[in-house]
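This report introduces a protein structure to a reader who has not met it before. It considers the interior and then the surface.

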Amino acid sequence: MNWNDLLLRLRALFFRNPVSLLKDVYWVYGLMPDRVFAHGYLWQLITYSFLHASISHILFNMLALWMFGVELERTWGTRFFLKYYFVCGIGAAMTTVLLSFVPGAFGQQLYYSLTIGASGAVYGVLLAYALYFPSRPIYMYFVFPIPAKYFVAIIGAISLLSSMSGPGGGIAHTTHLGGIVAGYLYLKGGRIHLLSEMKYHYLKWRLNQKRRKFDIYSGGRADDVNRRVH
């Protein structure tokens, strides 16, 4: 190789079309199940969450991470928060990869589709916030205040329905849902027993029913604070 060839190669490397260069970055570091299995790009399970499609994409993700992650970091400490964040991000990626093997058009399209963004990890942070601060108000669409637990339930249901809406409609939502599931499993320590959970909620409901049954009202004025006696 002579100096002219070397200079041409360096010029092609450093003065490439930015759009073409960005596509190559997405191709190597974005999440694509085909790349993970066919070429062994295992790092994509982590690096995809650092790439975003637009300024607004990264802006809203980082805004949500700041709004809900700061208080969790103060509660847990930085080390545990970072561990939880990456568990949710990697869990979301693994969910996407595993679902790409589902038979049918959805799995086939998912297998060759590109996924980027930190939304999966951010959805896991939202879940943790709802579990630790269930009654904190969150303004949905910056207008309607609803408790955090209902907010996460709504966005989880939207992601689930969107992921089943048909080919091409739920690729990103599958990653969102994976982040929620990974976060829940991690916080529960992997010791979730469905029957035990159902039994617990049933007994809690029965206990609340018994409490209402044995409430005694002493009469008196309706505005009396102490008119209810247990």
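## Terms and model

In what follows, Ala, Val, Leu, Ile, Met, Phe, Trp, Tyr, Cys and Pro count as nonpolar, Asp, Glu, Lys and Arg as charged, and the others, Gly among them, as polar. The structure is a predicted model.

## The enclosed cavity

The count of cavities of 30 Å³ or more comes to 1. The largest cavity holds about 40 Å³ of space.

The lining of the largest cavity is formed by Leu45, Ile46, Ser49, Tyr85, Phe86, Gly89, Ile90 and Ala121. Of these residues, 6 are nonpolar and 2 are polar, with no charged residue in the lining. Helix H4 (44-47) and helix H6 (78-99) each contribute at least two residues to the lining. The greatest contribution is that of H6, which gives 4 residues.

## The nonpolar surface patch

On the surface, a nonpolar patch of about 1,400 Å² is made by Ile55, Ile58, Leu59, Phe60, Met62, Leu63, Trp66, Met67, Tyr141, Phe142, Val143 and Phe144. Helix H5 (residues 55-76) provides the largest share of the patch, 8 residues.

Ile58, one of the patch residues, is found in helix H5. The relative accessible area of Ile58 is 34%, so this residue is partly exposed. Residues enter a patch with over 30% relative accessible area, and the 34% of Ile58 is given above.

Key:
Residues numbered from 1 in each chain as written. Predicted model: local features only at pLDDT ≥ 70, side-chain atom pairs only at ≥ 80, totals over all residues. Heavy atoms only, no water. Patch = residues over 30% accessible without salt bridge, like charges linked within 9 Å, V, L, I, M, F, W, Y side chains within 5 Å. Areas by Shrake-Rupley, 256 points an atom, 1.4 Å probe, with all protein chains shown as cover. Salt bridge = Lys/Arg side-chain N within 4 Å of Asp/Glu carboxyl O. Buried < 20%, exposed > 50% of the residue type's maximum accessible area, 1.4 Å probe, protein only. 1 Å grid on protein atoms, 1.4 Å probe; cavity = no way out; pocket = protein on both sides within 12 Å on 5 of 7 lines; lining within 4 Å. Points joined across faces, edges and corners; volume = space filled by probe spheres on them.
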